Amino acid sequence: MDIIKSNLVFKTLPKKRKRTRGIVLHHTASLKATPEWVHEIHLKRHWLGAGYHYLVRLDGTCHILRADDAIGAHCGVNAPYGKSGYNNNRETVGIAFEGYFHYRAQGVYHDKMEFRQLLAGQELIKHLLKKYPDITFIKAHKEMPLCRTACPGDYFPMDKFKKVLDYDLVKDDVKTDVNRADGDATDNTEDDIMELRTIIDRAICVLNEAARIK
Ligand SMILES: [Zn+2]
């Protein structure tokens with residue numbers, strides 16, 4: 001997949017993570033978000049720079065904001081650094097999706113995610129799962145310990161992103177785990193359906209793009 005470099009200038013370079021256990025998903029809670037805009041806002045909060053590692057834009061482009069092996073600043077808890085008992089930022093990669101995926105009485109919001117943004121996010125997650133094989137979870141920001149937030153919003157398609165991990169693990173499990181006696185047939189069917197769905201989704205995406213270009 002194409003990942004676009006942002007060349008943001010950080011105050012100092014963030015430290016490297018020691019472990020990578022999960023991926024945390026966010027929305028930018030804005031209708032528009034460029035890498036520079038995110039960087040600017042986070043600098044104003046006195047962070048080193050953009051706190052997320054990646055930004056997936058509405059048009060399906062994927063931008064790297066900070067090195068993905070560095071400690072992020074996207075799901076911290078209100079406790080002195082490292083004192084909360086949770087390593088939210090120190091063990092996760094943060095991906096922000098441009099958009100506002102939550103109801104609000106005033107102002108526009110996104111009540112669904114466009115396919116090209118969804119697909120780009122799924123591709124990015126697949127890429128990260130390959131790069132960091134110790135990843136065991138994909139969570140919404142609001143699902144992280146001690147994070148009181150609605151991020152990434154009720155209309156954010158969490159299940160569609162979490163499935164990427166299930167699908168990847170299932171494939172590995174079939175190869176390596178001999179104890180999967182329960183419901184193997186069902187799992188394999190699921191596996192096949194997921195694969196077919198991905199192919200169909202991709203075909204639809206290509207057709208839509210072709211129609212749009214015409
Ligand atoms: Zn968030």
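Just after helix 1 comes His46, and its phi is positive, near 65 degrees. That is a handy place to start reading this predicted model. Stepping back into helix 1 itself, which spans residues 35-44, you will find that Pro35, Val38, His39 and His42 are buried. These four sit on the same side of helix 1, because they cover an arc of only 100 degrees around its axis. And what lies over them? The cover for the buried residues of helix 1 includes strand 3 (54-56), strand 4 (62-64) and strand 5 (92-97).

Now let's widen the view. The protein has four helices and six strands, and from the N terminus on they run β-β-α-β-β-β-α-β-α-α. Of its 214 residues, 29% are buried. Among contacts with a separation of 6 or more, 71% join residues that are 24 or more positions apart.

With that layout in mind, turn to the largest nonpolar core, which has 31 residues. Ile23, Leu25, Tyr52, Leu55 and Ile95 are the ones with the most contacts inside this core. Two or more residues each come from strand 2 (22-27), strand 3, strand 5, helix 2 (115-131), strand 6 (137-140) and helix 3 (158-176). Helix 2 gives the most, with five residues.

Leu25 is a good residue to pick out on your screen. Leaving aside residues up to four places away in sequence, Leu25 touches Ile95, Phe97, Ile138, Ala140, His141, Pro152, Met158 and Phe161. One of these partners, Ile95, is also listed with Leu25 among the residues with the most contacts inside the core.

Note on methods
Residues numbered from 1 in each chain as written. Predicted model: local features only at pLDDT ≥ 70, side-chain atom pairs only at ≥ 80, totals over all residues. Buried ≥ 20, exposed ≤ 12 C-beta atoms within 10 Å, placed from the backbone. Arc of directions from axis to C-beta. Contact = placed C-beta atoms within 7 Å. Core = buried A, V, L, I, M, F, W, Y, C linked by C-beta atoms within 7 Å.
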